[in-house]
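Colleague: Could you take me closely through a single part of this model, namely one strand and its surroundings, and set out carefully what the coordinates support?

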Amino acid sequence: MSAPRIPTHITVSALLRRVNDAGGMAVVLARGDADAGAVLMLASERGQGVRALERGVDASGRQTLIVTGIVGDSAAADTRATTEYWQRRRATDPDLWVIELDIAHVERFAAQILGFD
């Protein structure tokens, strides 16, 4: 039997607060299921190098962050590509939360909140 998981809305709230408190920008683009929705993080630093991060399992079976897509390299040129990417994902999974995080070392913040560090 596995340990109970923290509801998704609490995890998302903690991640957004942590990033914003550290001087970054974090916003919810789409709300999913409050208790068990997956979270798609659109991560960048100063709007550059947008990549999609999600909770996943590595080769050894441990939970970790995985890059599920490289959306783009420039904020202006890739706004449309980023939006199309997460909207396609939401079309197949309406329980999916989509959050945008813009801060240096975003993986560190996400790993701390998701309990991977």
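**Strand β2 and its surroundings**

Modeller: Of the 117 residues in the chain, 38% are buried, and I should say at once that this is a predicted model. The chain contains 3 helices and 5 strands, arranged from the N terminus in the order α-β-β-β-β-α-β-α. Its exposed surface comes to about 6800 Å², of which carbon and sulfur atoms supply 51%. Among the contacts with a separation of 6 or more, 65% are between residues 24 or more positions apart.

The part I would choose is strand β2, which spans residues 39-45 and is mostly covered, with 6 of its 7 residues buried. Strand β2 is joined to strand β5, residues 97-102, by 6 bridges, and these two strands run parallel; within this pairing, L42 stands opposite E100. Strand β2 is also joined to strand β3, residues 48-57, by 4 bridges, but here the strands run antiparallel, and A43 stands opposite R51. The hairpin formed by β2 and β3 has 2 residues between the strands, and in this hairpin R46 takes a positive phi near 55°.

What does L29 contact, once its neighbours within four places in sequence are left aside? The list consists of L42, W86, V98, I99 and E100, so that the β2 residue L42 and the β5 residue E100, which stand opposite each other, both reach L29 by contact. L29 itself belongs to strand β1, residues 25-30. The C-alpha atoms of L29 and M41 are 9.8 Å apart, with their positions 12 residues apart in sequence. Is L29 buried, partly exposed or exposed? L29 counts as partly exposed because its relative accessibility is 32%, where the partly exposed class lies between the limits of 20% and 50%. Together with M25 and V27, L29 forms a nonpolar patch on the surface, with about 190 Å² of accessible area in total.

On the β3 side, the partner residue R51 leads to the charged pairs, since side chains of opposite charge can pair when their charged atoms come close. The count in this model is 3 salt bridges. In one of them, the side chains of E107 and R51 meet at 2.8 Å, N to O, and this pair links distant parts of the chain, with E107 in helix α3 (residues 106-114) and R51 in strand β3, 56 residues apart. R51 counts as buried because its relative accessibility is 19%, a value that falls under the 20% limit, whereas E107, at a relative accessible area of 30%, is partly exposed.

A second salt bridge is formed by E54 and R89, whose closest N and O atoms are 2.7 Å apart. Because E54 lies in strand β3 and R89 in helix α2 (residues 75-92), the pair ties together parts that are 35 residues apart in sequence. E54 counts as buried at 11% relative accessibility, while R89, with a relative accessible area of 24%, is partly exposed.

The remaining salt bridge is that of D58 with R62, with closest N and O atoms 3.1 Å apart. Here D58 counts as partly exposed at 25% relative accessibility, and R62 counts as exposed at 56%.

Notes
Residues are numbered from 1 along each chain as its sequence is written. This is a predicted model: local features need pLDDT of at least 70, side-chain atom pairs count only at pLDDT 80 or more; totals for chains, interfaces and linings use all residues. Side-chain values use heavy atoms; hydrogens and water are left out. Buried means under 20% relative accessible area, exposed over 50%, partly exposed in between (1.4 Å probe, protein chains only). Contact means heavy atoms within 4.5 Å. Accessible areas come from the Shrake-Rupley method with a 1.4 Å probe; for residues, only the protein chains shown count as cover. Two strands pair if DSSP finds at least two bridges between them. Patches are made of residues with over 30% relative accessible area and no salt bridge: like charges are joined within 9 Å, nonpolar side chains (Val, Leu, Ile, Met, Phe, Trp, Tyr) within 5 Å. A salt bridge is a side-chain nitrogen of Lys or Arg within 4 Å of a carboxyl oxygen of Asp or Glu.
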